[in-house]
Amino acid sequence: GEAVTDGGGGGAAAAGSGATDTSAELEAEIASRVAEAEAEPIFSLIGHSGPVYGVGWSRDDKFIISASQDGTARLWSVLQRACIVRYHAHTTACWSVCFCPVGAYFATTGADRTVRFWAVSQRSPLRVLMGHASDATCATFHPAGAILASGGDDAAVRIWDLSGAKCLRLLVAAGHAAAVRALAFSPGGAQLCSAGDDRAVLLWDLPSAAVLRRFRLHTKPVWTVGFSADGAQLVSAGPDCMVGVWDVCGMVEGAPPATAPPASAAAGDAAAGATGDAAGLDASVGGAGEAEGADGDALADPRLVQVIFTKFTPVVAAAYSRTNVLYVGGAFCPPEGYKERMVKQKRGGRPGNKG
């Protein structure tokens, strides 16, 4: 759509890692309310002349940044409910945007193959990072803020030093076989998760640029990934209406240590780290074979904690809150006649009966 909507309560709480403080109780209450009723948007922000492909919140929750096919990024004031700055971000479509966790900065990616680093107070980018051979599709900041990771249609993941505008790492060996759509740093910053059109979810070790683990579950491209606040869980989701929750304890810096993982899990981690799981890569790019893997081998992965089925909702965003509550969002896309059948069922009638 061409509007940015603040759906305060419009998402759905799917799962949590468990927190016991007051804020966790409050968040659980909000999640319960969301699950019980359809929430209406608080307000809509209209200004882009094309579809909106990405949004991000500032650290203080006072501002929203959005990216659009019209090539611009817009900074919105939540208090004023209006656009306060428009940035001419890219010469073509602007695919994604994200706020920096440190300072008043943000980054954008675009179809012009560039990644751009901005200060909120300036209308021109501080850095223009060039290196992707095709569209730059996504980006995310390191928790320290001085490093940026980007992914592209060229199936490459690049790690950038923002102070010198240099590419520190090019993650392609045993990596993705198709476009990269989602990136997320671990809370400690030593690991990076990437996912994309090859349906693979990869966990990278940044110091060695090696693949620690290749997770296979999804039967369609993966659009979003994220770590829990304590680094113990990893979530992946996409248009296949499945949300995968993975146990990464003992694999991610700062996460709780693993408690005697099954031998098969340890062996799988070692194989993935040593060989890049080349066999897994072949399977993940396959057609019908991948669907069979999702039903069998993937569901038997000891690191797979839970699979949440969203029925007719392709998931475009999934994120953990500061108290480890998992929220996922997407558009409800039921098949033709679904609503009518549901109405008949609620009235006690049977689908197919007339009247």
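Select Trp 223 to start: at 35% relative accessibility it counts as partly exposed (buried means under 20% relative accessible area, exposed over 50%, partly exposed in between, with a 1.4 Å probe and protein chains only). This is a predicted model, in which local features need pLDDT of at least 70 and side-chain atom pairs count only at pLDDT 80 or more, while totals for chains, interfaces and linings use all residues. Residues are numbered from 1 along each chain as its sequence is written, and side-chain values use heavy atoms, with hydrogens and water left out.

**Around Trp 223**

Trp 223 sits in the loop between E19 and strand E20 (224-227). Helices (H or I, at least four residues) and strands (E, at least two) are DSSP runs, numbered from the N terminus. Now show the contacts of Trp 223, leaving aside neighbours within four places in sequence: among them are Arg 181, Ala 182, Pro 239 and Pro 314. Contact means heavy atoms within 4.5 Å. Add Gly 196, which is 27 residues from Trp 223 in sequence and 6.5 Å away in space, C-alpha to C-alpha.

**The sheet E16 to E19**

Next, select the four strands that form an open sheet in the order E16-E17-E18-E19, with antiparallel pairing. Its edge strands are E16 (180-185) and E19 (210-216), each of which pairs on one side only. On average, neighbouring strands of this sheet are turned by 20° against each other, direction ignored; the axes are lines fitted to C-alpha atoms, for helices over the stretch in contact, and angles run from 0 to 180 degrees between N-to-C directions.

Zoom in on E16 and strand E17 (residues 191-196), an antiparallel pair with five bridges. Two strands pair if DSSP finds at least two bridges between them. Opposite Val 180 you will find Gly 196 in E17.

**Salt bridges**

The structure holds four salt bridges, each a side-chain nitrogen of Lys or Arg within 4 Å of a carboxyl oxygen of Asp or Glu.

Stay on E16 and pick Arg 181, which forms a salt bridge with Asp 197; the closest N and O atoms are 3.0 Å apart. This pair links distant parts of the chain, 16 residues apart: Asp 197 is in the loop between E17 and strand E18 (200-205), and Arg 181 is in strand E16. Asp 197 is partly exposed at 26% relative accessibility, and Arg 181 is partly exposed at 31%. Add Asp 153 to the selection to see a network of salt bridges linking Asp 153, Arg 181 and Asp 197.

Move to Arg 213, whose salt bridge with Asp 301 has its closest N and O atoms 2.9 Å apart. Arg 213 lies in strand E19 and Asp 301 in the loop between helix H4 (288-295) and E23, so the pair ties together parts that are 88 residues apart in sequence. Both Arg 213 and Asp 301 are buried.

Then select Arg 116 and Asp 112, a salt bridge with the closest N and O atoms 3.3 Å apart. Arg 116 and Asp 112 are both buried.

**Thr 313**

Go to the loop between strand E23 (304-309) and strand E24 (317-320), where Thr 313 is found. Thr 313 is buried, with a relative accessible area of 16%. Not counting residues up to four places away in sequence, Thr 313 touches Cys 241, Gly 330, Ala 331 and Phe 332.

**A hairpin to finish**

Last, select strand E4 (residues 52-57) and strand E5 (residues 63-68), which pair in the antiparallel sense over five bridges. The bridge partner of Val 52 is Ser 68 in E5. E4 and E5 form a hairpin with five residues between them, and Asp 61 in the turn has a positive phi of about 60°.
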